[in-house]
Amino acid sequence: MSESKPKFQCPIESISSLIGESWTLLILREAFAGRTQFKIFEHELGIARNILSDRLKKLVEAGLLSRQTNPEDRRAVDYRLTSKGKALLPSLIVLAQWANQHLCSSNAGVRFIDIESGDEIAPVRLTSGSGATVALKNVRMRIGDQLVEPSVLRRA
């Protein structure tokens with residue numbers, strides 16, 4: 001009889017199930033752009049109402065968005081980023097930077113700017129706990145209790 005390994009919670013699996021569905025990242029992009037109302041998400045994205053409703057419900061249930069009555073029109077509902085949702089922005093910046101470099105043309109439509117300097121946000125770099133830059137060839141992944149040394153990264 002073989003022993004089964006304890007199941008661990010994989011953060012990549014968790015985030016994929018939360019934001020991996022089509023339209024979800026675009027809804028979050030619009031929320032970060034300050035959009036809050038269903039009809040505005042629908043108009044900006046050209047998304048079907050039933051899909052938008054489903055994705056907004058999931059984002060609210062996950063705690064990334066909150067559903068609030070609009071203070072100017074009590075019949076309307078606003079969807080606002082929570083602190084948990086706002087904490088996702090650095091990850092979205094990294095994904096957008098990667099896509100701008102590897103998937104989009106040079107006139108990519110989404111860039112992130114530091115409003116104080118006016119400069120574009122520099123590509124994110126990996127750093128150790130001490131702040132030193134870490135090369136991809138030195139990255140290892142721990143999956144459960146197993147340290148994985150992917151040979152593909154050693155060539156980076």
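This report looks at helix 4 and at the largest cavity of a predicted model.

Helix 4 runs over residues 49–61 and so has 13 residues, which at 1.5 Å a residue should span 18 Å; the C-alpha atoms at its ends are 18 Å apart, in agreement with that expectation. Within helix 4, the residues L52, R55, L56 and L59 are buried, that is, each has under 20% relative accessible area. These residues cover an arc of only 100 degrees around the axis, and therefore they lie on the same side of helix 4. In general, an α-helix has 3.6 residues a turn, so residues three or four places apart point the same way.

The two faces of helix 4 can be set side by side in a small table.

| Face of helix 4 | Residues |
|---|---|
| Buried | L52, R55, L56 and L59 |
| Exposed, turned away from the buried side | N50, K57 and E61 |

What do the buried residues of helix 4 pack against? Their partners are two helices, helix 2 (24–32) and helix 3 (38–45), together with strand 1 (65–69) and strand 2 (77–81). After helix 4 comes G63, whose phi is positive, near 85 degrees.

Elsewhere, attention turns to empty space inside the model. The structure holds one cavity of 30 Å³ or more, and the largest cavity contains about 50 Å³ of space. The largest cavity is lined by A96, Q97, N100, V110, R111, F112, E120 and I121, and this lining divides into four nonpolar, two polar and two charged residues.

How values were computed:
Residues are numbered from 1 along each chain as its sequence is written. This is a predicted model: local features need pLDDT of at least 70, side-chain atom pairs count only at pLDDT 80 or more; totals for chains, interfaces and linings use all residues. Side-chain values use heavy atoms; hydrogens and water are left out. On a 1 Å grid over the protein atoms alone, a cavity is a set of points where a 1.4 Å probe fits but cannot get out, and a pocket is an open set with protein on both sides within 12 Å along at least five of seven lines; lining residues have an atom within 4 Å of a point. Grid points are joined across faces, edges and corners, and a volume is the space filled by probe spheres set on the points. Ala, Val, Leu, Ile, Met, Phe, Trp, Tyr, Cys and Pro count as nonpolar, Asp, Glu, Lys and Arg as charged, and the others, Gly among them, as polar. Helices (H or I, at least four residues) and strands (E, at least two) are DSSP runs, numbered from the N terminus. The expected span of a helix is 1.5 Å times one less than its number of residues. Buried means under 20% relative accessible area, exposed over 50%, partly exposed in between (1.4 Å probe, protein chains only). The arc is that of the directions from the helix axis to the C-beta atoms. Contact means heavy atoms within 4.5 Å.
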